[in-house]
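Biologist: I would like to go through the labels on this model and hear what stands behind each. Please set every value against its definition before you conclude.

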Amino acid sequence: MSLDAENGPEQLGRVFDVVAVRRWDRPMVHLADHAAVTLFLRGRGLSEQDAPQAAERLKPPLTITKRGMIGWARKR
């Protein structure tokens, strides 16, 4: 089951009894320069040609915030 961090507990609760939810929303990745931004963009699916061009449009340093959740649930 794929869930979004924002509505995951509610979606999980439609099927299971939710026991606990652990969420996070914090800065987790620091991109110091254009090379780091390019590598990050390549890892997200941009092509070898498009990633450097996209990285040049940004102004490092950049910090990427990650949001997510882990839910523990039981079958009803």
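Biologist: What makes arginine 76 count as exposed?

Modeller: The relative accessibility of arginine 76 is 57%. Exposed means over 50% relative accessible area, buried under 20% and partly exposed in between, using a 1.4 Å probe and protein chains only. At 57%, arginine 76 therefore counts as exposed. The model is predicted: local features need pLDDT of at least 70, side-chain atom pairs count only at pLDDT 80 or more, and totals for chains, interfaces and linings use all residues. Residues are numbered from 1 along each chain as its sequence is written, and side-chain values use heavy atoms, with hydrogens and water left out.

Biologist: Why is the pair of arginine 76 and aspartate 17 called a salt bridge?

Modeller: The closest N and O atoms of arginine 76 and aspartate 17 are 3.1 Å apart. A salt bridge is a side-chain nitrogen of Lys or Arg within 4 Å of a carboxyl oxygen of Asp or Glu, so this pair qualifies. The pair links distant parts of the chain, with arginine 76 in the segment after E2 and aspartate 17 in strand E1, 59 residues apart. Strands here are DSSP runs of E with at least two residues, helices are runs of H or I with at least four, and both are numbered from the N terminus. Aspartate 17 has 40% relative accessibility, so it counts as partly exposed.

Biologist: How many salt bridges are there in the whole structure, and what makes Glu6, Asp25 and Arg67 a network?

Modeller: The search finds three salt bridges. Arginine 67 pairs with glutamate 6, with 2.8 Å between the closest N and O atoms. Arginine 67 is in strand E2 and glutamate 6 in the segment before helix H1 (8-13), so parts 61 residues apart in sequence are tied together. Arginine 67 also pairs with aspartate 25, at 3.3 Å. Aspartate 25 belongs to strand E1, so this pair ties together parts that are 42 residues apart in sequence. Glu6, Asp25 and Arg67 are thus linked in a network of salt bridges.

Biologist: Are glutamate 6 and aspartate 25 buried, partly exposed or exposed?

Modeller: Glutamate 6 has 47% relative accessibility and counts as partly exposed. Aspartate 25, with a relative accessible area of 47%, is partly exposed as well.

Biologist: Why does threonine 38 count as buried?

Modeller: Threonine 38 has 19% relative accessibility, so it falls under the 20% limit and is buried. This residue is in helix H2 (residues 34-43). Leaving out residues up to four places away in sequence, threonine 38 touches Ala51, Pro52 and Ala55, where contact means heavy atoms within 4.5 Å.

Biologist: How do you know that the buried residues of H2 are on the same side?

Modeller: The buried residues in H2 are Val37, Thr38, Phe40 and Leu41. They cover an arc of only 165° around the axis, which puts them on the same side of H2; the arc is that of the directions from the helix axis to the C-beta atoms. On the other side of H2, Ala35, Leu39 and Gly43 are exposed. The buried residues of H2 pack against strand E1 (16-31), helix H3 (50-56) and E2.

Biologist: What makes the approach of aspartate 33 to alanine 35 a polar contact?

Modeller: At the start of H2, a side-chain oxygen of aspartate 33 comes within 3.2 Å of the backbone nitrogen of alanine 35. A polar contact is a pair of N or O atoms within 3.5 Å; within protein, one must be able to donate a hydrogen and the other to accept it, and residues adjacent in sequence count only if both atoms are side-chain atoms. The contact therefore meets the distance limit. The threonine 38 side chain, at 2.8 Å from the backbone oxygen of histidine 34, also lies within that limit.

Biologist: Why is the bond from proline 60 to proline 61 worth listing?

Modeller: The peptide bond from proline 60 to proline 61 is cis, with omega near 5°. Most peptide bonds are trans. Proline 61 lies in the loop between H3 and E2.

Biologist: Which residues make the nonpolar surface patch?

Modeller: Val19, Ile70 and Trp72 make a patch of about 280 Å². Patch residues have over 30% relative accessible area and no salt bridge; like charges are joined within 9 Å and nonpolar side chains (Val, Leu, Ile, Met, Phe, Trp, Tyr) within 5 Å. Areas come from the Shrake-Rupley method with a 1.4 Å probe, and for residues only the protein chains shown count as cover. Isoleucine 70, in strand E2 (residues 62-75), has a relative accessible area of 39%, so it passes the 30% limit.
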